[in-house]
Structures are given as structure tokens and as C-alpha cells.
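Please look through the structure below before reading on. The briefing that follows takes its features one topic at a time.

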Amino acid sequence: MVSGSIFSSSMAWAKAAYDRGLKTAGTPFATRFMLAFAVLESIIIPIPVDPLLVAVVLAKPMKWLRMALACTLASVIGGAGGWALGAILGLGIHDILAMFPEKLAAPTAFAAVEAGFASWGLILVFIGAFSPLPYKVIAVSAGLLGFGLLPFLLVSLIGRGLRFVIVAAIARHHGDPKTVIGLLSLLIGLIVGGIWLTY
């Protein structure tokens, strides 16, 4: 009886916390925060923006596509900033990265991406834009290695757009198991296929 009461209280608390979270995620501030985070994630932040996108979509399900496209645009703007950083600083970027903690700077990821650009070029940009690989590393490396800004932006738009639209669609249709399974399968298939291409 006591355990049932504790369980009921815990569930009521979790539901209230979830409702508060959704209410907060539905505010204009939450949308602006998500967009700012999407820009910064493409330059320096090592945490993906996807959970924020999911929260905003759960709070505004009818605006899921608009939120996904806005997040895509913000992320690609950040990617352009990362590209410019790499292009302006050149090889000096390695000295700057050495001043940051290893988790934030990701020197091994930069070395691997720089080596991969020679073989993969546009494919590597798409994989970085779409997959869980750190997009900031792809963006800065593209500028550093003189990869064209326009092709970089176009491929980034496609990769980021696909990813964020699928993630937002999953959040929008979370009550429909068939749709969610189909979208998750597509997402996983594209990620695995992209990673397989680079090996």
C-alpha cells in the first residue's frame, strides 16, 4: 500500500515536471535559446542540439517542420562561422585548440577529418552534417583545408536538414509507433551507411 502510494506520488511529480518542461519549451525564449545553441554547436559546443529541438517540437507539435528548418538554418550559419574560423586562422588553429580541454578541442577528431577530406570531400561534409560526428570539426576543417564555402553550405543544408527534419518528425509523431519506427530506421540506416562509407 505504501509502495503504491510512493509510486503514485513519484508519477504525479514526474508528470508535473514534464508539463512544466513542455510549458517552458513552448516559450519564445526556448526557441531563441535552441537557435543560439544550434549556431554555437557548429562552432565550439560539443553537445548536440537535438534534445532541445525535440523539447521545442513536443511543446509546439504543429510547428515541427518550421522548428526543424529554423534549427537547420541556425546550425548551417554556425557552420559558416566555423568554416570562416578555419579559413582565417589556418594552421594556427592547432595552437589555439591546444589551449582548450581535449574534450572540447577534439584534436584527434581534427586530425582524422583533415586526413579524410583528401579522399572524401563532399561525402565527409554530408556525413558530418547528418551523423553524430562533431559537425564543428567538419566545419573548421573545411575552412582550414580551403574547401569551397558554397559547396560546404549546400551539402551542410542537405545533411543538417535531413537530420533535423527526421528528429523533429519523430518527436511530432511520438504517439504513432509505426511512423516512429520507420523514421528511426531511416535515421539509423543513413547514419550507419555514412559511417560505413568512411571505413
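**Briefing on the predicted model**

Helix 8, which covers residues 122–130, packs against helix 10, which covers residues 149–172, at an angle of about 35°, and the axes of the two helices are 8 Å apart. The model shown here is a predicted one. Taken as a whole, the protein has 11 helices and 0 strands, and 37% of its 199 residues count as buried.

**Overall fold**

- Read along the sequence, the elements follow the pattern α-α-α-α-α-α-α-α-α-α-α.
- Among the contacts in the protein with a separation of 6 or more, 75% are between residues that lie 24 or more positions apart.

**Helix 8 against helix 10**

- The crossing in which helix 8 passes helix 10 is right-handed.
- On the side of helix 8, the residues that take part in the contact are L122, V125, F126, G128, A129 and F130, and the residues they meet in helix 10 include P151, F152, V155, G159, R163 and I166.
- Sorted by class, the residues in this contact of helix 8 with helix 10 are 11 nonpolar, 3 polar and 2 charged.
- R163, which has its place in helix 10, is a useful residue to look up here: leaving aside neighbours within four places in sequence, R163 is in contact with P48, D50, A129, F130, S131 and P132.
- Is R163 buried or exposed? R163 counts as buried because its relative accessible area is 8%, which is under the cut-off of 20%.

**Helix 3 and the nonpolar cores**

- In helix 3, which spans residues 50–59, the buried residues include D50, L53, V56 and V57.
- These residues cover an arc of only 125° around the axis, so they are on the same side of helix 3.
- The largest nonpolar core has 16 residues, and those that touch the most other members are M34, V49, L53, V57, M67, C71 and F164.
- Helix 2, helix 3, helix 4 (64–89) and helix 10 each supply at least two residues of this core.
- Which residues does L53 touch, not counting residues up to four places away in sequence? L53 touches M34, M67, A68, C71, F164, V167 and A168.
- Another core, of 11 residues, lies apart from the largest one, and W83, A139, A142 and V155 are among its residues.
- As background, nonpolar side chains tend to be buried together in soluble globular proteins.

**A buried residue in helix 2**

- T31 is found in helix 2, which runs over residues 28–41, and T31 is buried, with a relative accessible area of 12%.
- Leaving aside neighbours within four places in sequence, the residues in contact with T31 are V56, K60 and M67.

**Two neighbouring residues in helix 10**

- A169 is found in helix 10, where A169 counts as buried at 6% relative accessibility.
- Although A169 and W64 are 105 residues apart in sequence, their C-alpha atoms are 6.9 Å apart in space.
- When neighbours within four places in sequence are left aside, A169 is in contact with W64 and L183.
- I170 also lies in helix 10, and I170 counts as buried at 16% relative accessibility.
- Beyond neighbours within four places in sequence, I170 is in contact with V180, L183, L184 and L187.
- For one of these pairs, I170 and L187, the separation is 17 residues in sequence and 10.0 Å in space, C-alpha to C-alpha.

**Helix 9 and the residues around it**

- Helix 9, made up of residues 135–144, is mostly covered, with 10 of its 10 residues buried.
- Among the buried residues of helix 9 are Y135, K136, S141 and G143, as well as A139 and A142, which are also named among the residues of the core of 11 residues.
- P134 lies in the loop between helix 8 and helix 9, and P134 counts as partly exposed, at 37% relative accessibility.
- How many residues apart in sequence are P134 and S42? P134 and S42 are 92 residues apart in sequence, while in space they are 8.1 Å apart, C-alpha to C-alpha.
- Helix 9 is followed by G146, a residue whose phi is positive, near 75°.

How values were computed: Residues are numbered from 1 along each chain as its sequence is written. This is a predicted model: local features need pLDDT of at least 70, side-chain atom pairs count only at pLDDT 80 or more; totals for chains, interfaces and linings use all residues. Side-chain values use heavy atoms; hydrogens and water are left out. Axes are lines fitted to C-alpha atoms, for helices over the stretch in contact, and angles run from 0 to 180 degrees between N-to-C directions. Helices (H or I, at least four residues) and strands (E, at least two) are DSSP runs, numbered from the N terminus. A crossing is left-handed if the near helix is turned anticlockwise from the far one by less than a right angle, and right-handed if clockwise. Contact means heavy atoms within 4.5 Å. Ala, Val, Leu, Ile, Met, Phe, Trp, Tyr, Cys and Pro count as nonpolar, Asp, Glu, Lys and Arg as charged, and the others, Gly among them, as polar. Buried means under 20% relative accessible area, exposed over 50%, partly exposed in between (1.4 Å probe, protein chains only). The arc is that of the directions from the helix axis to the C-beta atoms. A nonpolar core is a set of buried Ala, Val, Leu, Ile, Met, Phe, Trp, Tyr and Cys residues joined through side-chain atoms within 4.5 Å.
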